[in-house]
Amino acid sequence: TNGRKIKCDFVVSATGVVPNTEFLSEEFELGPDRGVKIDETMATSVPDVFAAGDACYCEFEDHSSTWLQMRLWTQARVMGAYAARAMAGLGS
């Protein structure tokens, strides 16, 4: 911090998300943050099961040097739309 004080009426702070995956079977491969590991099509390690948003762990090293999982609703919305396209066989 730079010590600067700003007057305001309301503050929203996002302090982190921990995926709740304890209820899943051991068939699901999990990432180091315990999120459901997905591939570039949002598919999980369980056939015909896709994941998107806060509950998943994305590792797209071969596909994007700029990827950063933020676990924000805007990214979850886009990931959900992409997963729907993948499930429908429409690709990217």
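The legends below accompany an overall view and several close-up views of a predicted model.

**Figure 1. Overall view of the chain, which contains one helix and two strands.**
Followed along the sequence, the elements of this predicted model are arranged in the pattern β-β-α. Strand S1 covers residues 36–38, and strand S2 covers residues 56–58. The chain has 92 residues, of which 24% are buried, and its exposed surface comes to about 7,200 Å², with carbon and sulfur atoms supplying 53% of that area. When contacts between residues at least 6 apart in sequence are considered, 24% of them join residues that are at least 24 apart.

**Figure 2. Close-up of Thr-44 in the loop between S1 and S2.**
Thr-44 has a relative accessibility of 11% and therefore counts as buried, since the cut-off for a buried residue is under 20%. The side chain of Thr-44 reaches two backbone atoms that belong to other residues: the nitrogen of Val-46, at 3.2 Å, and the oxygen of Val-49, at 2.9 Å. Leaving aside residues up to four places away in sequence, Thr-44 touches Val-36, Lys-37 and Ile-38 among others, and these three positions are those of strand S1 (36–38). The remaining neighbours of Thr-44 under that restriction are Phe-28, Val-49, Phe-50 and Ala-51.

**Figure 3. Close-up of Thr-21 and its contact with the backbone of Arg-34.**
Thr-21 belongs to the segment before S1, and with a relative accessible area of 5% this residue is buried. The side chain of Thr-21 reaches the backbone oxygen of Arg-34 at a distance of 2.8 Å. Apart from residues up to four places away in sequence, Thr-21 touches Leu-30, Arg-34, Gly-35, Val-36 and Ala-55. Val-36 is also listed among the residues that Thr-44 touches, which links this view with the one in Figure 2.

**Figure 4. Close-up of Arg-34, a residue with a positive phi.**
Like Thr-21, Arg-34 lies in the segment before strand S1. The phi angle of Arg-34 is about 75°, a positive value, although the residue is not a glycine. Arg-34 is partly exposed, having a relative accessible area of 49%, while its backbone oxygen is the atom reached by the side chain of Thr-21.

**Figure 5. Close-up of Asp-48, which also has a positive phi.**
Asp-48 is found in the loop between S1 and S2, the loop that also holds Thr-44. For Asp-48, a residue other than glycine, phi is near 65°. Is Asp-48 buried or exposed? Its relative accessibility is 77%, so Asp-48 counts as exposed, whereas Thr-44 counts as buried.

**Figure 6. Close-up of the salt bridge between Glu-29 and Lys-37.**
Side chains of opposite charge can pair when their charged atoms come close. The structure holds one salt bridge, in which the side chains of Glu-29 and Lys-37 meet with a distance of 3.6 Å from N to O. Glu-29 is partly exposed, with a relative accessible area of 43%, and Lys-37 likewise counts as partly exposed, at 24% relative accessibility. Lys-37 is in addition one of the residues touched by Thr-44, so that the salt-bridge partner shown here also appears in the surroundings described for Figure 2.

Definitions and conventions:
Residues numbered from 1 in each chain as written. Predicted model: local features only at pLDDT ≥ 70, side-chain atom pairs only at ≥ 80, totals over all residues. Heavy atoms only, no water. Helix = DSSP H or I, 4+ residues; strand = E, 2+ residues; numbered from the N terminus. Buried < 20%, exposed > 50% of the residue type's maximum accessible area, 1.4 Å probe, protein only. Contact = heavy atoms within 4.5 Å. Areas by Shrake-Rupley, 256 points an atom, 1.4 Å probe, with all protein chains shown as cover. Polar contact = N/O pair within 3.5 Å; in protein donor to acceptor, adjacent residues only side chain to side chain. Salt bridge = Lys/Arg side-chain N within 4 Å of Asp/Glu carboxyl O.
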